[in-house]
Amino acid sequence: MNTFQSDKPIYLQVVEDVKMKILCGDLHPGDKLESVREMAARLSVNPNTIQRAFLELERQGFIVTQRAVGRFVSEDNQFLEIYKQQRIRDTIQQFVEEMARYGMKPKDVIAYLTEQEDKYEGVNNNTESE
């Protein structure tokens, strides 16, 4: 994350960025996070902003703090998977609603996605054999 949106508090953007890294597998359960100072320096923000983001992530259950050791990604795989599945459902729901505004029915969206998948797999198979 290099740029921040002006309409959303920076600490919440940091929270969302860390969550996304966890959900996408860039950060794994048990991984140690950067220190407050390291992350603040890397993002060029006030350390208090990162501290606030870490407190929020801990409150939500995404990270845990071990005194004098550091902060780590939660090892509660069930919690992380439930959260990930909910985010996926929410994203799909928003997508389907947006497509409905364009006059597309869910079956049309599925057909289009299937078509795109076929194209993508064709491209993927070509690059793998090179």
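**Salt bridges in the predicted model**

Me: What is the relative accessible area of Lys-21?
Reply: Lys-21 is classed as partly exposed in this predicted model. That class lies between the cut-offs of 20% and 50%, and the relative accessible area of Lys-21 is 25%.

Me: Which residue forms a salt bridge with Lys-21?
Reply: The partner lies in helix α1, as does Lys-21, and the two are 4 residues apart, about one turn of the helix. The closest N and O atoms of the pair are 3.3 Å apart. This partner counts as buried, because its relative accessibility of 19% is under the 20% cut-off. The residue is Asp-17.

Me: Where in the helix does Lys-19 stand with respect to Glu-16?
Reply: The two residues form a salt bridge, with closest N and O atoms 3.4 Å apart. Lys-19 is buried at 5% relative accessibility, whereas Glu-16 is partly exposed at 27%. Because they are 3 residues apart in helix α1 (residues 10–23), their separation is about one helical turn.

Me: Is Arg-59 buried or exposed?
Reply: Arg-59 lies in helix α3 (residues 47–60), 3 residues from Glu-56. These two form a salt bridge whose closest N and O atoms are 2.5 Å apart. Glu-56 is buried, with a relative accessible area of 17%. For Arg-59 the value is 60%, which is over the 50% cut-off, so Arg-59 is exposed.

Me: How many salt bridges does a search of the whole structure find?
Reply: Among them are the bridges Lys-19 to Glu-16, Asp-17 to Lys-21 and Glu-56 to Arg-59. The search of the whole structure gives a total of 6.

Notes: Residues are numbered from 1 along each chain as its sequence is written. This is a predicted model: local features need pLDDT of at least 70, side-chain atom pairs count only at pLDDT 80 or more; totals for chains, interfaces and linings use all residues. Side-chain values use heavy atoms; hydrogens and water are left out. A salt bridge is a side-chain nitrogen of Lys or Arg within 4 Å of a carboxyl oxygen of Asp or Glu. Buried means under 20% relative accessible area, exposed over 50%, partly exposed in between (1.4 Å probe, protein chains only).
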